[in-house]
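Subject: Structure handover

Hello,

Here is the structure I promised to pass on. Please open it first, then read the notes below.

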Amino acid sequence: MRSGTVLLCAACIFSSLMCACSNSLRPRPGQTVPPVTTAAYTETAAADISVMDSDGRPVLLSDYLGTPVLLKFWASWNTRSTDELPALQRAYNLYGEDIAFLIVNVTDGTRETQQSAQAFLDEQGYTFPVLFDHDGAAALTYGAGERPVTVFIDADGFIVTLSQGEIAEDALLFGLRLL
């Protein structure tokens with residue numbers, strides 16, 4: 001009887017370990033994705049947005065279906081946003097050929113204009129492409145207002161993870177590797 005109980009316990013432990021180690025190593029919905037402390041894995045389709053390129057032509061997020069996307073909202077008046085830009089440039093240099101970088105400036109016309117944003121980028125020497133959200137609708141869709149927001153979207157158009165607030169360079173690179 002005792003050996004039967006021991007065998008049953010061993011079988012339960014083995015089954016538990018197998019279940020815990022099976023499936024995917026991807027995080028589950030709602031689970032934090034280290035080292036992005038403000039990020040959570042989702043199974044949510046990315047909402048389509050429309051922003052403008054520097055020539056005033058509309059650009060839709062859905063235009064990039066089939067390509068992984070880094071969607072980043074920023075403003076030059078927000079130091080938390082501008083502190084991230086050097087890391088963003090390095091990430092663009094590494095991954096810019098494989099991942100679409102949609103770097104969206106929240107252009108409210110008061111604190112930020114397209115001209116002031118472009119002048120800031122030129123002065124700092126950034127080469128990543130920048131898009132402009134003139135009416136704030138795209139920023140509102142992704143909860144980007146007074147803080148930077150970074151959204152990692154897979155090639156199928158689903159949000160893999162996102163970060164609301166500042167994101168460290170190692171977390172940015174980690175998120176890009178998830179794509």
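Now the side chain of Thr107. Its polar partner is the side chain of Asn105, at 2.7 Å. Please keep in mind that this is a predicted model.

**Around Thr107**

Thr107 sits in a loop, with β7 (100-106) on one side and α4 (114-124) on the other. Is Thr107 buried or exposed? Thr107 is buried, because its relative accessible area is 3% and the cut-off for buried is under 20%. Leave out residues up to four places away in sequence, and Thr107 touches Glu112, Thr113, Gln114, Phe132, Asp133 and His134.

The same loop region brings up Asp108. Asp108 pairs with Arg111 in a salt bridge, and their closest N and O atoms are 3.4 Å apart. Asp108 is partly exposed at 34% relative accessible area. Arg111 is partly exposed too, at 44%.

**The chain as a whole**

The chain has 179 residues, and 40% of them count as buried. Its secondary structure comes to six helices and 10 strands. Take the contacts between residues at least 6 apart in sequence: 67% of them join residues at least 24 apart.

**Two cores**

The largest nonpolar core holds 22 residues. Which residues have the most contacts inside it? They are Leu70, Trp74, Leu88, Phe101, Phe128, Leu172 and Leu176. At least two residues of this core come from each of β6 (69-74), α3 (85-95), β7, α4, β8 (130-133) and α6 (169-178).

Leu172 is worth a click. Not counting residues up to four places away in sequence, Leu172 touches Leu70, Ala87, Leu88, Ala91, Thr150, Phe152 and Ile167. There is also a second, separate core, made of 21 residues. Leu102, Ala138, Val149 and Val151 are among them.

**Strand β9**

Look at β9 next, residues 149-153. This strand is mostly covered, and five of its five residues are buried. Which way do they point? Val149, Val151 and Ile153 point one way from β9, while Thr150 and Phe152 point the other way.

β9 has β6 as a partner. Five bridges join β6 to β9, and the two run antiparallel. Lys72 has Thr150 in β9 as its bridge partner.

β10 (residues 158-164) is another partner, also joined to β9 by five bridges and also antiparallel. Here Ile153 has Ile159 in β10 as its bridge partner. β9 and β10 form a hairpin, with four residues between them. Gly157 lies in the turn and has a positive phi of about 90°.

**Salt bridges**

How many salt bridges does the structure hold? It holds five. Side chains of opposite charge can pair when their charged atoms come close.

Start with Arg90 and Glu169. Their closest N and O atoms are 2.8 Å apart. Arg90 lies in helix α3 and Glu169 in helix α6, so this salt bridge ties together parts that are 79 residues apart in sequence. Arg90 is partly exposed, with a relative accessible area of 42%. Glu169 is partly exposed as well, at 28%.

Then go to Asp55 and Arg57. Their side chains meet in a salt bridge at 3.3 Å, N to O. Asp55 counts as exposed because its relative accessible area is 57% and the cut-off is over 50%. Arg57, at 49% relative accessibility, counts as partly exposed.

Asp108 and Arg111, from the start of this note, form another salt bridge. Shared partners also build a network: salt bridges join Asp53, Asp55 and Arg57 into one.

**Aromatic pairs**

The count of aromatic pairs comes to four. One of them is Tyr92 with Phe101. How are these two arranged? The pair is edge-to-face, with 5.3 Å centre to centre and 80° between the planes. Tyr92 counts as partly exposed, at 23% relative accessibility. Phe101 is buried, with a relative accessible area of 5%. Phe101 was also named above, among the residues with the most contacts inside the largest nonpolar core.

**Where to look**

For a quick tour, begin at Thr107 in its loop between β7 and α4. Move on to the β9 and β10 hairpin. End at the salt bridge between Arg90 and Glu169.

Best wishes

How values were computed:
Residues numbered from 1 in each chain as written. Predicted model: local features only at pLDDT ≥ 70, side-chain atom pairs only at ≥ 80, totals over all residues. Heavy atoms only, no water. Buried < 20%, exposed > 50% of the residue type's maximum accessible area, 1.4 Å probe, protein only. Polar contact = N/O pair within 3.5 Å; in protein donor to acceptor, adjacent residues only side chain to side chain. Contact = heavy atoms within 4.5 Å. Core = buried A, V, L, I, M, F, W, Y, C linked by side-chain atoms within 4.5 Å. Salt bridge = Lys/Arg side-chain N within 4 Å of Asp/Glu carboxyl O. Pairing = 2+ DSSP bridges. Phe/Tyr/Trp six-rings, centres within 6.5 Å; stacked < 30°, edge-to-face > 60°.
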